[in-house]
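Visitor: I would like to learn how to read a protein model, one feature after another. Could you guide me through this one?

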Amino acid sequence: MTGPDALLDEIGARTGALVDLTRQLVAIPTLNPPGANYRDICLFLQKRLERSGYICSLLRAHGAPGDSDRHPRWNLVARREGARPGPCVHFNSHIDVVTVGQDWTRDPFGGDVVNGRIFGRGTCDMKGGLATSIIAAEAFADLVPDFSGAIEISATADEETGGYGGVAYLAENGWFNPDRVQHVIIPEPLNKDRICLGHRGVWWAEIETRGRIAHGSMPFLGDCAVRHMGAVLSAFERELFPALAAKSTTMPVVPPAARQSCLNVNALHGGEPEQDDDFSGFPAACVPDRCRMVVDRRFLFEESIADVKSEVTEILDRLQENRPGFRYAIRDLFEVLPVMADRDSPVAASVARSIHQVLGRDPEFVVSPGTYDQKHIDRIGRMKNCIAYGPGILDLAHQPDEWIGIDDMVDSARVMALALLSLLAGPRT
Ligand SMILES: [Zn+2]
């Protein structure tokens, strides 16, 4: 049977293939929004993986948010069976990338290779991770063709916009059912020596304050919704923000500053709509009768979603009692509960051992401040044995001149291949 050293050497010998594959993936601009070129990248991967012995299923998330004939939400699930029955290890990567933005000094889809780094939108988040898992799985299956169980690689849509046309769709349709998938690794860029166990919770809501429109020269005849929102904000400053900052968690969230609760005011708008830049007129004199604020609240394992919501509504209710004319409405936009795998779960323990073998040190176990597709695998798929592990420096995600280090990808591919060896090539039964 092939030992770990042969596998490590084999991965090293495939460095060129790993770089080529990453560059080929980056060259397909899968920008989201709007969700462009998903079919192209799935077909490219299908061709590649079928050559390596995978059976591929191309799946469109019909009716998912954002799915349209112009921008269909395509996903790929590829499965390679081993020689004997056994568990299935699934690598899940998202294929979408965020908008390019300003201040690039390189072609965002060029995949320039300079000083051991590959540059481009999505190199780090997370086409480099996708390529790494493919090379690791191919090298493993070539060297250990009699492995037991199965390997799956999925390439999914829309992670950057909630994952509803991607992993959520697959989970709803049984692809992450624990009867068919036993271990899940998501190669998000958490750094090659860290294992991400999960993420904090999130609640998005829209708060609206209501007033009455009147002529702006006689505001006393109306009721200003923006001033009511000002009262909400100052109550938040006085009561809510200090209370959130005082809550801490045992979750190992990185960066450490994110080990407390927080709330971001995502958007605020009241009164007349903003005009286009080429509008040269003046505003009309009106008292605003509506003001809306979108809030993005991140919460901890120790908090319940009910408490998270009532903390906000109690402040609003108190204003309604005490502030003349104050009326409000609140609308839930989105909520995700915190998720955290056990660090002794089989997949986490196996990857931890492999990190030690490759890098000569123990991994750091972390939790992500923001959510990613693990939420759907956990909540819909009921799969707890799931972690994020992949190459790349998280801080570079979504930045101009995004890059990934080639050495980091090679090391991560070695870790993934050794994890496959321990999970799928154990003692024969
Ligand atoms: Zn990502």
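**Reading strands, helices and domains**

Guide: Let us begin with a strand in this predicted model: seven of the eight residues of strand β2 (residues 74–81) are buried, so β2 is largely enclosed by the rest of the structure.

Visitor: Which strands are joined to β2?

Guide: The general idea is that strands of a sheet pair through backbone hydrogen bonds, either parallel or antiparallel. Here, strand β1 (residues 55–60) is joined to β2 by six bridges, and the two run antiparallel; within that pairing, Arg-60 stands opposite Trp-74 in β2. Six bridges also join β2 to strand β6 (residues 148–156), again in antiparallel fashion, and there Leu-76 has Ala-155 of β6 as its bridge partner.

Visitor: In what order do the strands of the open sheet come, and which of them stand at the edges?

Guide: Three strands make up this open sheet, in the order β4-β5-β16, with antiparallel pairing. The edges are taken by β4 (113–114) and β16 (403–405), each of which has a single partner strand, so one side of each is left without a neighbour in the sheet. Looking at one pairing in detail, β4 and strand β5 (residues 117–119) are joined by two bridges and run antiparallel, and Val-113 stands opposite Ile-118 in β5.

Visitor: Now for a helix: which residues of α1 are buried, and which are exposed on the other side?

Guide: In helix α1, which covers residues 4–13, the buried residues are Leu-7, Leu-8, Glu-10 and Ile-11. Seen down the axis of α1, these buried residues fall within an arc of 160°, so they line one face of the helix. On the other side of α1, Asp-5 and Ala-13 are exposed. As for what the buried residues of α1 pack against, the partners are α4 (123–143) and α10 (406–424).

Visitor: Which residues touch the most other members of the largest nonpolar core?

Guide: The general idea is that in soluble globular proteins, nonpolar side chains tend to be buried together. In this model the largest nonpolar core has 117 residues, of which Ala-136, Phe-140, Val-351, Ile-387, Ala-417 and Leu-420 touch the most other members. Helix α10 supplies the largest share of this core, with 13 residues, and at least three residues are drawn from each of domain 1 and domain 2. Take Ala-417 as an example: once its neighbours within four places in sequence are left aside, Ala-417 is in contact with Leu-7, Ile-11, Ala-136, Ala-139 and Phe-140.

Visitor: Where do the domains lie along the chain, and how many residues does each give to the contact?

Guide: The protein chain is divided into domain 1 (4–199 + 338–424) and domain 2 (202–273 + 283–336), and the C-alpha centres of the two lie 37 Å apart. Eight residues from domain 1 and 11 residues from domain 2 take part in the contact. On the side of domain 1 that touches domain 2, strand β14 (residues 364–368) gives the most, with three residues; by class, that side of domain 1 has six nonpolar, one polar and one charged residues.

Visitor: And for a single residue, why does Val-312 count as buried?

Guide: Val-312, which is found in helix α7 (residues 305–322), has 20 C-beta neighbours inside 10 Å and therefore counts as buried, since the cut-off is 20 or more. Distance can be read in two ways too: Val-312 and Gly-198 are 114 residues apart in sequence, and 25 Å apart in space, C-alpha to C-alpha.

Terms used:
Residues are numbered from 1 along each chain as its sequence is written. This is a predicted model: local features need pLDDT of at least 70, side-chain atom pairs count only at pLDDT 80 or more; totals for chains, interfaces and linings use all residues. A residue is buried if 20 or more other C-beta atoms lie within 10 Å of its own, exposed if 12 or fewer, and partly exposed in between; C-beta atoms are placed from the backbone. Helices (H or I, at least four residues) and strands (E, at least two) are DSSP runs, numbered from the N terminus. The arc is that of the directions from the helix axis to the C-beta atoms. Two residues are in contact if their C-beta atoms, placed from the backbone, lie within 7 Å. Domain bounds come from an automatic or database domain assignment. Ala, Val, Leu, Ile, Met, Phe, Trp, Tyr, Cys and Pro count as nonpolar, Asp, Glu, Lys and Arg as charged, and the others, Gly among them, as polar. A nonpolar core is a set of buried Ala, Val, Leu, Ile, Met, Phe, Trp, Tyr and Cys residues joined through C-beta atoms within 7 Å. Two strands pair if DSSP finds at least two bridges between them.
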